[in-house]
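Trainee: I'm new to this structure and would like a close look at a single part of it. Could you pick one residue and walk me through its surroundings?

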Amino acid sequence: MQLSNARCRGQASVEYLVVCGALVAALLTPVSNDNNVLDLCADALTEWYTAFAYTKSLSILPN
């Protein structure tokens with residue numbers, strides 16, 4: 001039995017949507033203290049950037 005190309009492309013798009021939906025659900029699921037993974041990543045990036053900005057603002061010590 002031969003499947004048409006259009007039908008195969010349709011199946012691939014459905015699989016893509018299912019996988020993307022599962023990833024979004026996993027990222028939005030609360031993991032600790034009602035924080036989800038996206039909140040934890042945003043907090044980590046904020047802390048990293050704050051430390052980076054602080055170190056960039058320091059003047060160079062003379063020799």
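Mentor: Let's take Asn-36 and then look at a patch on the surface. This is a predicted model, where local features need pLDDT of at least 70 and side-chain atom pairs count only at pLDDT 80 or more, while totals for chains, interfaces and linings use all residues. Residues are numbered from 1 along each chain as its sequence is written, and side-chain values use heavy atoms, with hydrogens and water left out.

First, the layout: the elements run α-β-β-α from the N terminus on. Helices are DSSP runs (H or I) of at least four residues and strands are runs (E) of at least two, numbered from the N terminus. Asn-36 sits in strand S2, residues 35-36.

Is Asn-36 buried or exposed? Asn-36 counts as buried because its relative accessible area is 13% (buried is under 20%, exposed over 50%, partly exposed in between, with a 1.4 Å probe and protein chains only). Buried residues make up 2% of the 63 residues here.

The side chain of Asn-36 reaches two backbone nitrogens: that of Leu-38 at 3.2 Å and that of Asp-39 at 2.8 Å. Setting aside neighbours within four places in sequence, Asn-36 is in contact (heavy atoms within 4.5 Å) with Leu-27, Leu-28, Thr-29, Pro-30 and Val-31.

Now for Val-24, which lies in helix H1. Val-24 is partly exposed, because its relative accessible area is 47%.

Definitions and conventions. Polar contact = N/O pair within 3.5 Å; in protein donor to acceptor, adjacent residues only side chain to side chain.
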